[in-house]
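Work through the exercises below with the sequence and the 3D view open. Try each task before reading its solution.

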Amino acid sequence: MTAIMSNFRQTEAQTADHEIIDVTETNCCIVGGGPAGVVLSLLLARQGIPVILLETHKDFDRDFRGDTVHPSTMEIMDELGLAERLLQLPHSKIRTLTVTTPNGSVQLANLERLKTKYPYITMMPQAKFLEFIVESAKQYPNFQLVMGANVQELIEENGIIKGVRYRGHGGWHEVRAQLTIGADGRHSRLRQLAGFEAVGTSPPMDVLWFRLPRFSEDPSGGMGRIGNGHILVMLERPDQWQIAYVIPKGGYQEIRAAGIEALRKAIVEVVPELSDRIENLKDWSQIAFLSVESSRLPRWYLPGLLLIGDAAHIMSPVGGVGINYAVQDAVVAANVLSESLKHNSIHIWDLAEVQRQRELPIRVIQAFQSVIQQQIFARVLNSNNSNQSLTPPAFLQLPILRDLPARLIAFGIWPVHVKT
């Protein structure tokens with residue numbers, strides 16, 4: 001921790017004095033309005049703990065965020081009495097994960113065999129999920145949301161983080177808190193300010209995200225296709241397909257140089273059914289590039305500061321588990337920290353306990369994702385065979401392990417429950 005604090009103080013020393021418009025005090029300041037941040041805000045607020053949530057954007061509606069709400073998150077919503085209301089929002093359900101190749105289809109996971117009230121993945125725009133959770137949190141007077149709050153600095157006094165300074169709403173503002181939570185995603189500003197450095201692996205792929213129209217006669221849910229050395233995943237939205245086109249790591253510039261027409265042709269070769277709408281993909285402004293990463297911090301905390309979700313561990317998109325592991329982080333953080341926050345007695349061992357409970361599940365799912373990436377994705381992307389087949393890793397073909405992928409995707413190595 002000494003090296004981390006040294007890096008942090010070097011960053012802090014470089015900051016200039018600012019004219020602060022106002023200073024707000026709270027028990028917990030959460031930076032980042034993604035799944036981890038909004039769920040933790042709700043969990044703390046419902047226990048009467050004053051909490052301020054800072055979100056840098058002015059709304060939650062940003063393109064190509066994960067839309068998969070897994071059984072683990074639905075069970076947490078059920079424990080909060082919110083599941084049925086959440087399911088009243090427009091959504092679809094995926095009960096099996098199947099990949100189609102030129103030689104046939106292979107089922108990678110069947111969630112219907114799991115013992116849960118919600119044996120499916122709920123497909124719902126993440127913006128709608130976030131808005132739903134925030135509206136639920138607003139019922140509590142001790143919850144405060146500030147949109148357009150661009151956090152720029154951490155406040156440190158005597159080796160303890162005491163809050164943040166942010167820009168927005170006409171100038172600089174300061175939030176002083178007993179505990180600051182960094183839930184600001186894979187490009188975490190708080191991670192950078194604190195001087196944390198992640199330990200990462202090198203996934204063999206990147207992803208191009210885009211949307212195409214979805215017609216009423218199209219199948220529902222989601223699907224994966226493999227062919228001609230390419231992988232394409234289609235996720236249902238009400239009138240659109242959200243599409244992930246998987247490419248070899250570092251191959252984006254080559255694809256870009258070949259032109260949009262070459263990309264459209266390659267997509268149709270994998271999914272011929274898209275030929276009647278591929279012309280809707282007109283230029284590169286419609287395509288979002290995701291550099292796939294997988295990493296985690298050796299240490300998630302400093303005195304007065306804790307990172308959770310993608311700020312602490314960047315997840316590969318394999319299995320779509322990022323939202324759900326972030327939500328589980330939030331639940332564990334609330335379970336561990338609530339009593340200490342109520343009594344203004346947060347200690348560093350409380351923060352260490354959050355990491356201790358979450359680190360093994362994160363390591364396991366990242367190892368599982370790595371196996372899938374190397375055994376399936378890398379082999380496909382490095383193949384020139386147009387008549388490809390797909391065979392899951394041998395150990396997953398054993399009857400006793402056939403439900404392992406479904407369970408890991410749905411819950412992780414064990415479920416997380418709300419304690420209070």
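**Exercise 1.** In which sense do strand β9 and strand β10 pair, and over how many bridges?

*Solution.* The model is predicted, so local features need pLDDT of at least 70 and side-chain atom pairs count only at pLDDT 80 or more, while totals for chains, interfaces and linings use all residues. Residues are numbered from 1 along each chain as its sequence is written, and side-chain values use heavy atoms, with hydrogens and water left out.

Step 1. Find the strands (DSSP runs of E, at least two residues, numbered from the N terminus): β9 covers residues 150-157 and β10 covers residues 160-168.

Step 2. Apply the pairing rule, by which DSSP must find at least two bridges between two strands. β9 and β10 are joined by seven bridges in the antiparallel sense.

Step 3. Check one bridge: Asn150 has Arg167 in β10 as its partner.

Step 4. Look at the turn. Two residues lie between the strands of this hairpin, and Asn158 has a positive phi near 55 degrees.

**Exercise 2.** In what order do the three strands of the open sheet with β12, β18 and β21 lie, and which are the edge strands?

*Solution.* Step 1. The order is β12-β18-β21, with antiparallel pairing.

Step 2. β12 (199-201) and β21 (313-314) each pair on one side only, which makes them the edge strands.

Step 3. β12 is joined to β18 (residues 294-296) by three bridges, and Gly200 stands opposite Ser295 in β18.

**Exercise 3.** Which parts of the chain does the salt bridge of Glu157 and Arg176 tie together?

*Solution.* Step 1. Recall the rule: a salt bridge needs a side-chain nitrogen of Lys or Arg within 4 Å of a carboxyl oxygen of Asp or Glu. The structure holds 18 of them.

Step 2. Between Glu157 and Arg176 the N to O distance is 2.9 Å.

Step 3. Glu157 belongs to β9 and Arg176 to β11 (residues 171-182), so the pair links parts 19 residues apart in sequence.

Step 4. Both residues also belong to one network of salt bridges with shared partners, together with Glu153, Arg165 and Glu174.

**Exercise 4.** Is Asp206 buried or exposed?

*Solution.* Step 1. Buried means under 20% relative accessible area, exposed over 50%, and partly exposed in between (1.4 Å probe, protein chains only).

Step 2. Asp206 has a relative accessible area of 2%, so Asp206 is buried.

Step 3. The salt-bridge partner of Asp206 is Lys249, at 2.7 Å from N to O. Lys249 is partly exposed, with 36% relative accessible area.

Definitions and conventions:
Helix = DSSP H or I, 4+ residues; strand = E, 2+ residues; numbered from the N terminus.
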